[in-house]
Amino acid sequence: MSAAWRRLQQESAVLVTVVASQGSVPRGPGTPMLVFAQGESGTIGGGHLEFQALAHARQMLSGHAVPRHLRQVLGPSLGQCCGGVVELSFEQVSAADVPRLRTQLVPPRTPLALFGGGHVGKALVHTLAPLPFAVRWVDSRDEIFPSDVPEDVACEHSNPVHAAVADLDAGSRVLVMSFSHAEDLDIVIACLKRQREQGDLPFVGLIGSHTKWATFRHRLEDRGFSAEEIAHITCPIGVPGITGKEPEVIAVAVAAQLLQTL
């Protein structure tokens, strides 16, 4: 929504919100969409429902006296066969409303620590940016982060890289894909130690093959971790059935797996 906040500083918009719903509907209550004279941010579900909502909102922006609430039945008259009912509210907003809207519209994000600024890390950051994760991107190398990092991603240089594990937010999902297996192992060990002491890292994923994981498992056993503790590590990562090795393909598979943890 960052671009929408900036745009709202310069021009008015109409906030369209799904305030109630019954039956089968595209989006649930609380779903927002900001409608500008040209373009919009967000979606209430697409189709003819959204087409009519956009037209209604732009009538409001043009100064026409239009209802502030609409009730839409998603049946043949709208060309949508969902069969549900959606109630929408329309509110004209401007720069003065930005502080309130930031609080009202930005959903809570789950903390996620991504260790590694390589090709897969770069692809993952762009895949995760619009999803409900607060991404903290960590690497030990200087000048590794590209110039086109999404606005809400926090980049962090940490040397040694595993030192960053200590102050991760509770509930963080962790992805480990540094440039070296030695760093990967250090990060995994730090995560398992924290999990042993605090139990607050619900998902720790390590990129790699089954062969890599077999080697890591033996090394973790040698360092005194139990089979139960080691089982907390997910390796390989990504939802099953996606076999492509391209960074963008891996990123989609891993993002889908992370969404399953929410």
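This tour goes through a sheet, the helices that pack on it, and a pocket, with a suggestion at each stop of what to select. Keep in mind throughout that the structure on your screen is a predicted model.

**The sheet**

Begin by selecting the six strands that form an open sheet, which lie in the order β8-β7-β6-β9-β10-β11 and pair in the parallel sense. At the edges you will find β8, residues 154-157, and β11, residues 233-234, each of which pairs on one side only. As background, strands of a sheet pair through backbone hydrogen bonds, and this can happen in a parallel or an antiparallel way.

**From β6 to its neighbours**

Next select β6, residues 110-115, together with β9, residues 173-176, and you will have a parallel pair held over four bridges. If you highlight L114, its bridge partner in β9 is L175. Now add β7, which runs parallel to β6 and is joined to it by six bridges; here A113 stands opposite R136 of β7. While β7 is selected, consider whether its residues are mostly covered or not. Six of the seven residues of β7 are buried, so the strand counts as mostly covered, with buried meaning under 20% relative accessible area.

**On to β10**

Move to β10, which runs parallel to β9 and is joined to it by four bridges, and look for R173, whose bridge partner in β10 is F203. Which way do the residues of β10 point? F203 and G205 point one way, whereas V204 and L206 point the other way, and all of them are buried. In a regular strand, the side chains alternate between the two faces of the sheet.

**The helices**

Select helix α4, residues 119-128, and colour its buried residues, which are V120, G121, A123, L124, V125 and L128. These buried residues of α4 pack against β6, β7, β9 and also helix α8.

Return to the strands by selecting β6 and β9 once more, which pair over four bridges. Then add helix α8, residues 247-259, which packs on the sheet and touches β6, β7, β9, β10 and β11, while its direction makes about 155° with that of β9.

**The pocket**

For the last stop, turn to the second largest pocket, which has a volume of about 370 Å³. It is lined by 16 residues, and those closest to its centre are G208, P236, I237, I242 and K245, so these five make a good selection to start from. Taken as a whole, the lining of this second largest pocket divides into eight nonpolar residues, seven polar ones and one charged one.

Terms used: Residues are numbered from 1 along each chain as its sequence is written. This is a predicted model: local features need pLDDT of at least 70, side-chain atom pairs count only at pLDDT 80 or more; totals for chains, interfaces and linings use all residues. Side-chain values use heavy atoms; hydrogens and water are left out. On a 1 Å grid over the protein atoms alone, a cavity is a set of points where a 1.4 Å probe fits but cannot get out, and a pocket is an open set with protein on both sides within 12 Å along at least five of seven lines; lining residues have an atom within 4 Å of a point. Grid points are joined across faces, edges and corners, and a volume is the space filled by probe spheres set on the points. Ala, Val, Leu, Ile, Met, Phe, Trp, Tyr, Cys and Pro count as nonpolar, Asp, Glu, Lys and Arg as charged, and the others, Gly among them, as polar. Two strands pair if DSSP finds at least two bridges between them. Helices (H or I, at least four residues) and strands (E, at least two) are DSSP runs, numbered from the N terminus. Contact means heavy atoms within 4.5 Å. Axes are lines fitted to C-alpha atoms, for helices over the stretch in contact, and angles run from 0 to 180 degrees between N-to-C directions. Buried means under 20% relative accessible area, exposed over 50%, partly exposed in between (1.4 Å probe, protein chains only).
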